[in-house]
Amino acid sequence: MRPRLVVNLNSSYYPVFRLRKSTMEKDVTASQHKHWRTTQERVEKYISDNLFKDVNLRGKLYPKAKEVDRLFHWGLPLGEKTWEKWTFKNITMQDFKPIKAGMAYGPLWSTHWFKVEVNIPEDWVQQEVWLHWVSQGEAMLWSAKGEPLQGFSPGGVHLSPVKGANRTGAMEPDQSRTDYMLSSCWSGSQETQVFYIEMACCGMFGAGADGMISPPDEGSVFQLEAVEVSTRDKLVYKLLTDIDVLHDMTVSLGSNDPRAHQALYTSNHMINSIISGNYSQASQLADTFFTKRNGDLAHTVAMIGNCHIDSAWLWPYSETKRKCARSWSSTVQLLEEYPEMKFACSQAQQFSWVKLHYPELFDKICHLVKAKRFIPVGGTWVEMDGLIPSGESFMRQFLYGQLFFKREFGALCEEFWLPDTFGYSAQFPQICKSFGISRFLTQKMSWSLFNKFPHHNFLWEGLDGSTILAHFPPGDSYELRVRVKEAIRTVNNLQDKGRVSTSAFLYGHGDGGGGPTRNMLERSRRLRDVDGCPRMEHMSPSAFFERLEAEQHNLCRWVGELYLELHNGTYTSQARTKKQNRICEFSLRNTEILLAVVAVKGRMKKEELLSHQDNLHDAWEKVLLNQFHDVIPGTSIGLVYCDADRLYKEALASSEEVQRACCPFLFKDPEKKVGEMVVINTLPWPMRQVMVVKEEGKHEVKQSAGEGQYYVAVEAPGIGWSKLSTSLSPPQVTVSFSNNRYILENQYMKAQVNTFGQVESLILAGDSQDVFRREGTHVGQGNQLVLFDDVPLYWDAWDTMDYHLETGKVLNIKESGCEVNEVEVVQSGPLVVKLRWGLKITEVSSITQEIELSAVSPYLVFRCKVDWLESHKFLKVLFNTALLARTATFDSQFGFVERATHCNTSWDSAKFEVCGHKWADLSEPNLGMAVLNDCKYGWTARGSTLMLSLLRSPKAPDAKCDMGQHTFSYALMPHKGCRDKTRVQRCAYEFNNNLTLLSTSVSHDSEVWFSLVGSGAMIEAVKLAEDKSGDVVVRVYESLGATTSVRLKVPSQPQRVCLCNGLEEPLSDLSLEVGEGLMSTAKFVVMRHCKVLCECPSLCSQGK
Ligand SMILES: [Zn+2]
């Protein structure tokens, strides 16, 4: 027997409240008792999905329900990895077998199709009718005609929503979407309803074995838990939402706020009304509450719907394509249902996938784009990493992105949208502006671990002085749920109070997809303008930024990079991906230059030229896709890196193919093959290099490279070629051994290397100062290999923490106890000196290294081959110099950035692991040292020490991250100090870009195709214009932070040369100098995009 609850009521007090007359109906009656918690929890339980559902309001939501009548299954054959080749029609013709809900499907990443047949009972006429699909895998609902209708998301909670789900009291505890409205008013038709449902065997966040970022559990199976239809009571749904929002206000405002009490009493009163059967009174009470408005000056929260979909992360690219369709089809429905809603959507690549695989859905999106409801933002191909891609890669992200948006939707994006990327290059403001974008949005800086960024709204000034307006939504998220506490936090957390009156509020489930939900939109209707909660207004990004622009005179300025004080391990994780990116960036640059030369010379047919251009465009798209903010940083599952590897290989193969096709056309007589060897240089200055060539008996062999090959020192002019036979005879490089050290010396430097491979002394030729030694004060060494413990707080592949620097162990010293193969001489001049040594890092990992000095290079090269099988270890190379430099300089996109070498402030201290590209430098006014590399991005500069990060070994989300063999190189370059940056930069380009040998027929000794006369500027790209006119775009940037004049020479007399913007639209003509070229002035790191309109015979004749 149940115990009886005996309540003693004060009989004179109680009836006064209970018996209020109907005249009072519109007023809220406060709860009888003043106990905050009991009343508040009463409200909570009354809408709970897992407590008292048999008697509460939630239990009344679906009054009638039944299982679907028939359910059939067919699984996509295993072994066929892709769903992409199966058409809907094809699928419906397969042999579907009857099944019952409750079965589990697998394996991970497989695809299963279900056919659902349902007859709606007659007595459901005029009711709202819903289909419920609850599966552990993400799913898409298709109409019988093959139209994608809506995505179903499992979220984290399962079981039947109709019969009683295992949920918390909140309306929307997770990312689940399990309902589809079959009809808002059932006609009574007895026709059998047929649907198809495509289920993917993966969850919203992949299938982490034990925790979200764990590597996927290959043994995962995915249950189909329930497939039901039901009626839904409209009024109950309204009341549930009303009470939910009132409860939200009660809890969010807290017991000190009178408005919280009003919300509490309203909801309590509503419950009493419902219990007494007076639903309309309950409804009215809520309506009255929600009409009490804010004051005139209340802060406005600009609600922007969005769905952040990672282009790959804990799932592969192929799943992302389906995620887009699931999320966007659901969004399209909501946009149709809620006319006030606006939805911002980024990443041209994702639009392009949907266009290809879901054309009907794409059509609907196009209509909504036209109506300015579905709003493309970002302007880039993908939401890329903000640090690792080269300047040219950033240009292509915007170029391909913006051109796609313009082509498909007739307009460019107006906002740079990168909410989830791990740090932002100082070069972004300039790049944005050249693509017509002057607004920027992110929220990721709120993740910084050490310092709170001082603004949510500011003018962001980049490397060249370009400024754009930046906004960080103060809710610190792109995944808000339209909750009162989020709106209140948006205002309370705002760093620029009193300066702005509007803040963006990005709502909608994200990362794994999902987007806004009906419940969010229902809540937003109640919170539009209600006293106690900031005013919430649906707004497009553009309308929001317009408001911000009106207030930008109030804003502060932030100069330089936006450094995220977290995720610094991403400069190193997945080393092969970063290396392939670097290789592809250089290869595509070179191929484009050669194709442009061919175009200017007019020797190739236009169709052929344009087809090569298309191939390069495709190759670039692959590289750009892999620059997504979870791929190139190294934070995706292993499967993603298989895809990335394949895409890089395809891109590189295309690039090389086009290069091969171009080569014959570079020279006068492509048909005549005489076999003259020429050396091609794609850098815009004369470059010298010692190359290895086949021994053919023609040349006097000075140094054999073994296996029938020999070394030859060559020079080729800037973007041009020379004959190999005009090779150089430079002063020789030598090696000697004394005092237990190898002394390597060429015309530029003298280096001393000990038997463990450490550089103990480095002196410029003709100088006496030593990079590593100061008499009496400092004895340092370079090329110290150091192994650190690398255990982050949580985000394994993402983070390396400050404390890892306390655990370093130098490997190549006697005291380390490591087994070392001491240095031996492999080549001893006169063109190349090579030492070789090796080391067992641990029982399972080892390194062999060749230290090389050529007769023509001002740097000492270290070529490494590493077998790496570590766990949570970090390998770096350390250069402990004698230099006193308060800042270190790091190569970045179209320029360089300086960062402190000390820890004076918490901001300096947080930069213990930073991103840099091809070089980093420590300099005094008269002596400096740069370290160059061919594929690395992580650096530490502290005091006189510079470290380059080589390999990490995180275990999540890819258990095999960076395991296996690696090859990479770095180089040590002494120089004359701060003023020698041009040379450092040039050498870094040369270190990444070899001269190319080619056999052809030529009539003269050398030729210059494109060149710059004047110093400090760099030709980053020479490419065919995107408009397919055959015109050539030359991208030049000033690299030193100076004002300079340069003269651009082109291979033949151009028709016209003009400056253009990033979109390659002409801005103004440049004056042409008689006979050869033009003058151009480049200011502090300002890029100049010059469009060279060519008079190419072949193009003109074909109606260019
Ligand atoms: Zn993301």
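In this predicted model, proline 830 sits in the loop that runs between strand 35 (820–828) and strand 36 (832–840). The peptide bond joining glycine 829 to proline 830 is cis, with omega about 10°. A cis bond is also found from glycine 106 to proline 107, where omega is near -5°. Proline 107 belongs to the loop between strand 4 (104–105) and strand 5 (111–118).

That loop is worth a second look. Tryptophan 109 lies in the loop between strand 4 and strand 5, and although tryptophan 109 is not a glycine, its phi is positive, about 75°. Is tryptophan 109 buried or exposed? Its relative accessibility is 18%, so tryptophan 109 counts as buried, the cut-off being under 20%. Aspartate 962, in the loop between strand 46 (945–951) and strand 47 (964–975), is likewise a residue other than glycine with a positive phi, near 65°. Aspartate 962 counts as buried because its relative accessibility is 0%.

The zinc ion offers a helpful landmark for finding one's way around the chain. Its protein donors are His308 (NE2), Asp310 (OD), Asp420 (OD) and His629 (NE2), at 2.0 to 2.1 Å from the ion. Along the sequence these donor residues follow the spacing H-x1-D-x109-D-x208-H. Distant parts of the chain are linked by the pair of aspartate 420 and histidine 629, which are 209 residues apart. Aspartate 420 is in the loop between strand 15 (416–417) and helix 11 (428–434), while histidine 629 is in the loop between helix 16 (606–626) and helix 17 (638–666). Both aspartate 420 and histidine 629 are buried. Why is the arrangement of the four donor atoms around the zinc ion irregular? The angles they subtend run from 90 to 153°, whereas a tetrahedral count requires all angles to lie between 85 and 135 degrees. The arrangement is therefore irregular.

Residues 565–648 carry a UniProt annotation, from an unreviewed entry, that reads "domain: Glycoside hydrolase family 38 central". Across residues 565–648 the chain is 70% helix and 0% strand, and the C-alpha atoms at the two ends are 30 Å apart.

Turning to the interior, the largest nonpolar core contains 294 residues. Those with the most contacts inside this core are Trp328, Phe351, Phe374, Phe440, Tyr970, Leu972 and Phe1010. Helix 15 (residues 575–601) gives the core its largest share, twelve residues. Another core, of 19 residues, lies apart from it and includes Leu459, Val500, Ala504 and Met539.

Leu459 also appears in a sheet contact, where leucine 459 stands opposite arginine 557 in strand 21. Strand 17 (residues 457–461) and strand 21 run parallel and are joined by four bridges. They are part of an open sheet of five strands in the order 15-16-18-17-21, with mixed pairing. Its edge strands, strand 15 and strand 21 (556–559), each pair on one side only. Elsewhere, helix 13 (residues 518–526) is mostly covered, with eight of its nine residues buried. The buried residues of helix 13 include Arg518, Glu522, Arg523 and Arg526, together with Met520 and Leu521.

A three-stranded sheet is also present: an open one with the order 23-25-24 and antiparallel pairing. Here the edge strands are strand 23 (687–694) and strand 24 (704–706), each pairing on one side only. On average, neighbouring strands of this sheet are turned by 40° against each other, direction ignored. Strand 24 and strand 25 (residues 709–716) run antiparallel and are joined by two bridges, and serine 704 stands opposite tyrosine 710 in strand 25.

Further along, strand 40 (residues 887–892) and strand 41 run antiparallel, with six bridges joining them. The two strands form a hairpin with two residues between them. In its turn, phenylalanine 894 has a positive phi of about 50°. Threonine 889 stands opposite glutamate 898 in strand 41. Strand 41 (residues 895–900) is mostly covered, as five of its six residues are buried.

Finally, leucine 1070 is placed in the loop between strand 55 (1066–1069) and strand 56 (1072–1073). Leucine 1070 is buried, its relative accessible area being 15%. From leucine 1070 to methionine 270, the separation is 800 residues in sequence and 74 Å in space, C-alpha to C-alpha.

Technical notes: Residues are numbered from 1 along each chain as its sequence is written. This is a predicted model: local features need pLDDT of at least 70, side-chain atom pairs count only at pLDDT 80 or more; totals for chains, interfaces and linings use all residues. Side-chain values use heavy atoms; hydrogens and water are left out. Two strands pair if DSSP finds at least two bridges between them. Axes are lines fitted to C-alpha atoms, for helices over the stretch in contact, and angles run from 0 to 180 degrees between N-to-C directions. UniProt positions are given in the numbering used here, feature names are shortened, and annotations may be inferred rather than shown by experiment. Donors are N, O and S atoms within 2.8 Å of the metal (3.2 Å for Na, K and Ca); water is not among the atoms, so sites may look incomplete. Four donors count as tetrahedral if all angles lie between 85 and 135 degrees; four count as square planar and six as octahedral if opposite donors are over 155 degrees apart and all others between 65 and 115; anything else is irregular. Buried means under 20% relative accessible area, exposed over 50%, partly exposed in between (1.4 Å probe, protein chains only). A nonpolar core is a set of buried Ala, Val, Leu, Ile, Met, Phe, Trp, Tyr and Cys residues joined through side-chain atoms within 4.5 Å.
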